[in-house]
Amino acid sequence: MPKETKQHGLTHSEQFFPARTEKLLAKAAELASRELPIPRGKPNSKNKNYVRWLQSESMLHDAHRLARKYSGQSHMWHNPYARPRPRFAVKQASVWYTAYPISLITKKEANIIRSLADPALWEAFKSIGIKGMHTGPMKRAGGVNGWELTPSIDGHFDRISTKIDPLFGTERDFKHLVKVAAEHDAIIIDDIVPGHTGKGADFRLAEMNHQDYAGIYHMIEIHQNDWGLLPKVPKGKDSVNIDHVTEAELKRRGYIIGKLPRVIFYEPGIKETNWSVTQAVVGTDGVSRRWVYLHYFKDGQPSLNWLDPSFAGMKLVIGDALHSLGELGSGGLRLDANGFLGIEVGDADQPAWSEGHPLSEAANHLIAGMVRKLGGFTFQELNLSMDDIKTMSQDGADLSYDFVNRPAYQHAIATGETDFLQLTLRSALSMGIDAAGLVHALQNHDELTYELVHFWTIHKDDSYMYKNKQITGLKLREIVRNDLRQKLTANGKNYNLLFTDNGVACTTASLLAASQDYSDVSNLTQSQIETITNAHLLLAKFNAWQPGVFALSGWDLAGTLTLKADQVRELVSEGDTRWINRGSYDLMGDSPNVKQSSAGMPKATSLYGPLPEQLKNPGSFASQLKLLLAHRERLQLAVSKQLDIPDVSHKSSLAMLHKLPDGRLQVTLLNFSNETITTQVRSDHMAAAGKITDFVTNVDAAEYSNNMFELTLEPYEGRLLLVD
């Protein structure tokens, strides 16, 4: 078991998030205490004051209040809502800045939200072509322990309130951020978490079996004569994970549906199953109960029940969405972990049905429909198979995160070979997945995810042509994962680290350094930085020069490298190596001498520098990004239609053929290697003969015949071509 730490009189065995220092924890406790009533009696079910306070703090309570405000109002019927509208969503904002609040170095005396609302930052964003900001979760998260609020354990994805976390700012600050964004022709995109909450007031009331709160969660009361089956809860904790033996026995006795297909965040002795058991809790009816509850993710993230007779979980989530869109003014919402909303007992000894379940589809349809009713849009972060993305996109979210092609383009840049990327692009196209409905992203706050779920679930036995050989999906997955592990972490490249079995903890810049076989990134030469910059721009072109949303982060804009593990020793001590790719950055150069963000994240090395300096230098990453996005805008590539992934003759080249809104054909041609190459491009979607024009220079680039043309590309070069 992990070493326990004592913070403000509370014992926690899970690592806190953000990386809060003692000073910051004290500030958080002080801010939270301002909103708490003066403690009146013991915090238990017998104290009516405590129960009333929990209700006032609960998300379900807020959902009931907000529903009364919006029900019966005419504006709820002004917008179409039944079907996803990907191109409508893309037109609202086709280029997103993905914020990760705790990694932003703020202006002096300014909180995080006020810093994100800095007009100078938005002027820089507008100049580059950024039209949306995805803030990441900013509402209060963590838990409730007695009369005290406890910190988040998973990046504020363990939400417990509709209130903005005081560490980020206030609701007034958030509304001001929305206003400043609008003044710069941009929108703000918020989050809801339809799969789980933290252990806040709602969960504590559920433990007390108060009203319909237990219906929010997958909670099962264990009869007292079976408590002997349950493990004891360690001192200082309120629950403990059950092992496989207990899980099987509880299923045999009819309590739970048993094991699931996978255990996310598996850790021996910490999380061996997806079920935990509470200590004995006395309910508001005076009965003492122990509950076993489901959590797909961490112990402090109890899963919501979308098919309970009370429909309390559904009400809670819809209320959170109403607050973000109607009260805060957000234009869109990310649906986090939305593929795990349905769960059903499996046959015989088979795992439960918990991925690709029809209830998930129905629940997502309800959420997305409500958001569209309010005039907004949703995007889903769904790391499942292409089949699931296709199905969930038919009636659910307007956009889906591109989990399939993201590891594939990273494999292409790491190996200099595009076979796997061509395969994933063609597979998505053949399945009818609209590229305009995808969010194509560079780095985010997570690891380079190479779970490649599509190739190890329902398609593991399917046959694929890879490098002129037929292999199974499972074998293909093994090859690609091994390529990435070897290229990005082997041979002394310890600035990147493996993250469990999910992927590699790295930044885009450190991935590109490893792709060049740089064993040491502590003293890169100017020539090496230029190579990383050019490769980074090539990845930006791949993601931006195709239909859909293009997203990038502050780590991309600043060109940050990973932190050393020693800098975040406590945070990585239990195996969560992703903290090395979450170093802080100063986008505007306002605080050059600051060594860490206000949330305590150490400052990462920046290869590109602050945006104001970059925008003065035509050769910088930001200035060249500005140009490639301007070309994208002129062509309206974001709302074009992908027709084909043409055949190419060189292993490092990739071509994507699109039909533009004005009817013209356009080819994005890319070189994923650091060498000059000549490649042939062939597609039956082109006419038999004609000419190829370079859109940027407006000069003829090549003649073509028999549906084929040939071009030479410089290292990491990308070309925008028009087919006449």
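A polar contact is a pair of N or O atoms within 3.5 Å. In the predicted model described here, the side chain of His 184 makes such an approach, reaching the backbone oxygen of Val 180 at 2.9 Å. His 184 is placed in the loop between helix H7 (171-183) and strand E9 (187-192). Since buried means under 20% relative accessible area, His 184 counts as buried because its relative accessibility is 9%. Apart from neighbours within four places in sequence, His 184 is in contact with Pro 119, Trp 122, Glu 123 and Lys 126.

Confidence was examined along the chain. The protein chain has a mean pLDDT of 92, and 95% of its residues reach 70 or more. Over residues 1-23, by contrast, pLDDT stays under 50. For this stretch the model has 64 contacts beyond four places in sequence.

Strand E9 also belongs to a closed barrel of 8 strands, which runs E3-E4-E9-E15-E16-E17-E18-E24 with parallel pairing. From one strand to the next, the twist averages 30°. Within the barrel, strand E16 (residues 377-381) and strand E17 (residues 399-401) run parallel and are joined by 2 bridges. Gln 380 has Ser 400 in E17 as its bridge partner.

Two helices were examined against these strands. Helix H21 packs on the sheet, where it touches strand E3 (95-98) and strand E24 (549-553). The direction of H21 makes about 165° with that of E24. Helix H10 (residues 312-328) lies across E9 and strand E15 (332-336), and runs at about 165° to E9.

The dimensions of H21 can be checked by a short calculation. Helix H21 (residues 621-635) has 15 residues, and at 1.5 Å a residue it should span 21 Å. The expected span is 1.5 Å times one less than the number of residues. The end C-alpha atoms of H21 are 22 Å apart, which agrees with the expected span. The buried residues of H21 are Phe 621, Ala 622, Ser 623, Leu 625, Leu 628, Leu 629, His 631, Arg 632 and Leu 635. Gln 636, which follows H21, has a positive phi near 55°.

A residue of the barrel strands was considered individually. Gly 132 is placed in strand E4 (residues 132-134). Gly 132 counts as buried because its relative accessibility is 0%. Not counting residues up to four places away in sequence, Gly 132 touches Ala 93, Val 95, Trp 96, Tyr 97, Ala 186 and Ile 187. Gly 132 and Gly 332 are 200 residues apart in sequence, while their C-alpha atoms are 9.6 Å apart in space.

Further along the sequence, strand E27 (residues 653-659) is mostly covered, with 6 of its 7 residues buried. Strand E25 (residues 641-644) runs antiparallel to E27 and is joined to it by 3 bridges. In this pairing, Lys 641 stands opposite Lys 659 in E27. Strand E28 (residues 665-671) is likewise antiparallel to E27, and 7 bridges join the two. Met 656 has Thr 668 in E28 as its bridge partner. E27 and E28 form a hairpin with 5 residues between them. In the turn, Gly 663 has a positive phi of about 95°.

Key
Residues are numbered from 1 along each chain as its sequence is written. This is a predicted model: local features need pLDDT of at least 70, side-chain atom pairs count only at pLDDT 80 or more; totals for chains, interfaces and linings use all residues. Side-chain values use heavy atoms; hydrogens and water are left out. Helices (H or I, at least four residues) and strands (E, at least two) are DSSP runs, numbered from the N terminus. Buried means under 20% relative accessible area, exposed over 50%, partly exposed in between (1.4 Å probe, protein chains only). A polar contact is a pair of N or O atoms within 3.5 Å; within protein, one must be able to donate a hydrogen and the other to accept it, and residues adjacent in sequence count only if both atoms are side-chain atoms. Contact means heavy atoms within 4.5 Å. pLDDT is the predictor's confidence in each residue, from 0 to 100. Two strands pair if DSSP finds at least two bridges between them. Axes are lines fitted to C-alpha atoms, for helices over the stretch in contact, and angles run from 0 to 180 degrees between N-to-C directions.
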